[in-house]
Amino acid sequence: MKEETAQREASELHHDPRPPRTPQGWGLLQALWYLTFFQPVITEGHLRRRNMEFIFIRFSAWQYAGCDKLWAGLVTTLCHNIRHHFGALLLSVFHVVGTRPRYASGFTRSEWLLKTGTCLKLWATLLVLTTGLVILLVALLVPGIKDHHALKVVGSAVASLSGSSLVLGAVSILKNLLVSEKKKIERLTNSERFASQLGFMSKVHDEVEGLVDFLAFMEIFERRRLRVVLEITSLDICLPEKVAGVLNAMNTLLSDANAPFIFILAVDPSVIVPCLEQTGCMKGLADNGYLYLNRTVTLPFSIPAMGARSRLRCLEAALQTREDLMYRLIAANVQRRHAKCHAGGVLVPPPSLGWKDWEAEAVRCIHEAFRCLHDGADVLSGYLPTNGANVRRIVNTIPITLRLLLHRAGTPRSPGMGGGTPRSPGMGGGTPRTPESLDPRAAAAWVVLADRWPCRLSWALQCLEDAGQT
């Protein structure tokens, strides 16, 4: 989507030489000027614009799974991210003096219409304020008029009344600047006055409508179309009624044909459909969850099974969370170098296998196991799972498994530990083994087997146990 945006920006410059604007620096002052004194007009030229900017917002339903009204979670996430993207000042000023865009009545190119009433009110207020200040200064400074208290009262009253409207406007902007839309909706959620769904939904609808009008204003100011892309994830791990609440909130936001929202719903239908069929939202649809999803999702598509390259990339991404292994190895090497320097250039080996050497051996085995998994030519990499959670589980389990095996290989086992039971090669037999005889690839293969086929692994262990008893 970002590449498509860049291509459209380049092609649009051939039709309209004016580049898009951003509300930053000098553009922020321009946006405030247009907000105060002009009303945006949606013209035919604006509707023909093909350049577009996407505002990506990620909404994890699991974070708001405990909320009674998922409307609150969805709308607060939307308001917070739009406020963060454009800045709090622009949105606060729009709530006070901004106006809804209007459609052009004819074939006009003017995208801004002067607010005549706002300009007249402002000039009248400034004129009255100036008049009141002049009267007050004359009553205070002119020697012959200082004794007329009535003139002082009139001047102060005119100045205070005219200036109060400007102060109220500034206070409203400051209030919207300090109290965001997210806090407003959270207060409505906690308020007893809006305990009924109708009052709460009405207030939420007003907030969403204000955001839509603000985005329409920013479209005309920036000279490009704006689309808010909400990525909805983690619905698969929510309760059934919460799943239905998120889908209802999404349908309500999309009820307006001009709403600039695009929802990307990342779900597993085999998990979502039973959740929908357990709730009461399927009444009238023959309790068919697939029919409900078919009417909700405009463009359904399925992601194909993960290939070999994608599996290796997923494994590489999961390995990035194991920086502690590299850090420990580097720290051990640094300590050895310092010990070598203090010993006069001669590295004195420890009398026995110390913790540092044991840690270095563990890190070496762990890296060897990960190298076998990441090797595309190794048949073991073909058995990696396609689920990211399972890959992370394997990545976290392999280091623990190898450390336990190394500890077990260096510690003699007592006869009561089942030393006569046959074991798989590389997994530690009934007799103590040396660290050199440990096979990291075999340990990684056992971890993958335990994750992918736990029942088959249990059956294999049962067969080994039966063979040991006979």
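A salt bridge is a side-chain nitrogen of Lys or Arg within 4 Å of a carboxyl oxygen of Asp or Glu. The model examined here is predicted, and it holds 15 salt bridges by this criterion. Side chains of opposite charge can pair when their charged atoms come close.

One of these bridges joins Glu-9 to Arg-224, with the closest N and O atoms 3.2 Å apart. Glu-9 lies in helix H1, which covers residues 2-15. Arg-224 lies in the loop between H9 and strand E5 (225-233). The two are 215 residues apart in sequence, so the bridge ties together parts that are separated along the chain. Glu-9 has a relative accessibility of 16% and therefore counts as buried. Arg-224 counts as buried as well, because its relative accessibility is 12%. The pair does not stand alone: Glu-9, Glu-53, Glu-222 and Arg-224 are linked in a network of salt bridges.

Two further bridges were examined. The side chains of Arg-225 and Glu-219 meet at 3.8 Å, N to O. Both Arg-225 and Glu-219 are buried. Arg-48 bridges to Glu-44, and here the closest N and O atoms are 2.8 Å apart. Arg-48 is exposed, with a relative accessible area of 60%. Its partner Glu-44 is partly exposed, at 36%.

Aromatic rings were considered next. The structure holds 10 aromatic pairs. Among them is the pair of Trp-112 and Phe-217, which is edge-to-face. The ring centres lie 5.6 Å apart, with 70 degrees between the planes. This pair links distant parts of the chain. Trp-112 belongs to strand E4 (residues 112-114), Phe-217 belongs to helix H9 (residues 197-222), and 105 residues separate them. Both Trp-112 and Phe-217 are buried. The two residues are also members of one aromatic cluster, together with Tyr-34, Phe-38, Phe-86, Phe-94, Phe-214 and Phe-221. Elsewhere, a charge meets a ring. The charged end of Arg-452 sits over the ring of Trp-453, 5.2 Å from its centre.

Strand E4 also contains Leu-114. This residue is partly exposed, with a relative accessible area of 47%. Leu-114 and Phe-38 are 76 residues apart in sequence, yet their C-alpha atoms are 4.5 Å apart in space. With neighbours within four places in sequence left aside, Leu-114 is in contact with Phe-37, Phe-38 and Cys-119. Phe-38 thus recurs in the description: it contacts Leu-114, and it is part of the aromatic cluster that includes Trp-112.

Helix H12 was examined for its buried and exposed sides. The helix spans residues 289-296, and Gly-289, Tyr-292, Leu-293 and Thr-296 are buried. These residues cover an arc of only 95 degrees around the axis, so they fall on the same side of H12. The face turned away from this buried side carries Asn-294 and Arg-295, which are exposed. The buried residues of H12 pack against two helices, H10 (240-253) and H11 (269-278).

Conventions
Residues are numbered from 1 along each chain as its sequence is written. This is a predicted model: local features need pLDDT of at least 70, side-chain atom pairs count only at pLDDT 80 or more; totals for chains, interfaces and linings use all residues. Side-chain values use heavy atoms; hydrogens and water are left out. Rings of Phe, Tyr and Trp (its six-membered ring) pair if their centres lie within 6.5 Å; planes under 30 degrees apart count as stacked, over 60 as edge-to-face and the rest as tilted. Helices (H or I, at least four residues) and strands (E, at least two) are DSSP runs, numbered from the N terminus. Buried means under 20% relative accessible area, exposed over 50%, partly exposed in between (1.4 Å probe, protein chains only). A charge sits over a ring if NZ of Lys or CZ of Arg is within 6 Å of the ring centre and within 35 degrees of the ring normal. Contact means heavy atoms within 4.5 Å. The arc is that of the directions from the helix axis to the C-beta atoms.
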